[in-house]
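Biologist: I've got this model open and I'd like a close look at one part of it, the pockets and the rings around them. Could you walk me through that in one go?

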Amino acid sequence: GHEIVCVPASTVYHMGGATLPKHNSRKTYLNFRNNLSMLYKNLPAARVFPVITLRLILDGVAGLKFLLEGGPGDCFAVIRAHWHFYSRIFTGKLRRPEKYTGKIHASIYSGSIVWDYYILKKKKFTDLDFHPGKME
């Protein structure tokens, strides 16, 4: 019985997962699972396999770090997120858009945020060599 309306002038502020505490294994699971799904559904076909493979390795490192820091729940959450992601692909419940253009969208960063942050010590978005708005 409710009416749906659109207010284009509105502003929405995202609290970054504020409904769950920072050190909650459910939050870890959802973050890892949703990020994998987002990559799978939005990357150009040629980049899906390399990026997901790299994520598998990096997420394994993150899981090991969680385990060594006394967070077995977070480690298990990373494993569960990957199992859920791969099972949805193989059962056909997670699909890529049928009419994907294959173009790399201007807002996709072509580098590695992980490499830039941890190795090159680029701590701010403005430190990245990224200029959205141009198609590659």
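Modeller: Here is a walk through the pockets first and then the rings. Keep in mind that this is a predicted model.

Let's start with the largest pocket, which holds about 1000 Å³ of space. Its lining is made of 28 residues, and those nearest the centre are Asn 35, Arg 55, Leu 58, Ile 113 and Val 114. Three elements each give two or more residues to that lining: helix H1 (25-42), helix H2 (45-68) and helix H4 (113-119). H2 has the largest share, with ten residues. If you sort the lining of the largest pocket by class, you get 17 nonpolar residues, six polar ones and five charged ones.

Now for the second largest pocket, with a volume of about 200 Å³. Around this one you'll find Lys 22, His 23, Lys 27, Thr 28, Asn 31, Phe 32, Phe 66, Glu 69 and Asp 74. Here H1 gives the most, four residues. By class, the lining of the second largest pocket splits into four charged, three polar and two nonpolar residues.

Hang on to Phe 32 and Phe 66 from that list, and on to the rings. A pair of aromatic rings is described by how far apart the centres are and by the angle between the planes. Searching the whole structure turns up four aromatic pairs. One of them is Phe 32 with Phe 66, an edge-to-face pair with 6.4 Å centre to centre and 70° between the planes. Phe 32 sits in helix H1 and Phe 66 in helix H2, so this pair ties together parts that lie 34 residues apart in sequence. How exposed are the two partners? Phe 32 is buried, at 14% relative accessible area, while Phe 66 counts as partly exposed because its relative accessibility is 22% and the cut-off for buried is under 20%.

Next come Phe 85 and Tyr 86: their ring centres are 5.1 Å apart and their planes stand at 65°, so they are edge-to-face as well. Phe 85 is buried, with a relative accessible area of 1%. Ring pairs also bring in Tyr 40, making a cluster of Tyr 40, Phe 85 and Tyr 86.

Finally, look for charges over rings. The charged end of Arg 80 sits over the Tyr 29 ring, 4.4 Å from the ring centre. Lys 123 has its charged end over the ring of Tyr 117, 3.9 Å from the centre.

Terms used. Residues are numbered from 1 along each chain as its sequence is written. This is a predicted model: local features need pLDDT of at least 70, side-chain atom pairs count only at pLDDT 80 or more; totals for chains, interfaces and linings use all residues. Side-chain values use heavy atoms; hydrogens and water are left out. On a 1 Å grid over the protein atoms alone, a cavity is a set of points where a 1.4 Å probe fits but cannot get out, and a pocket is an open set with protein on both sides within 12 Å along at least five of seven lines; lining residues have an atom within 4 Å of a point. Grid points are joined across faces, edges and corners, and a volume is the space filled by probe spheres set on the points. Ala, Val, Leu, Ile, Met, Phe, Trp, Tyr, Cys and Pro count as nonpolar, Asp, Glu, Lys and Arg as charged, and the others, Gly among them, as polar. Rings of Phe, Tyr and Trp (its six-membered ring) pair if their centres lie within 6.5 Å; planes under 30 degrees apart count as stacked, over 60 as edge-to-face and the rest as tilted. Buried means under 20% relative accessible area, exposed over 50%, partly exposed in between (1.4 Å probe, protein chains only). A charge sits over a ring if NZ of Lys or CZ of Arg is within 6 Å of the ring centre and within 35 degrees of the ring normal.
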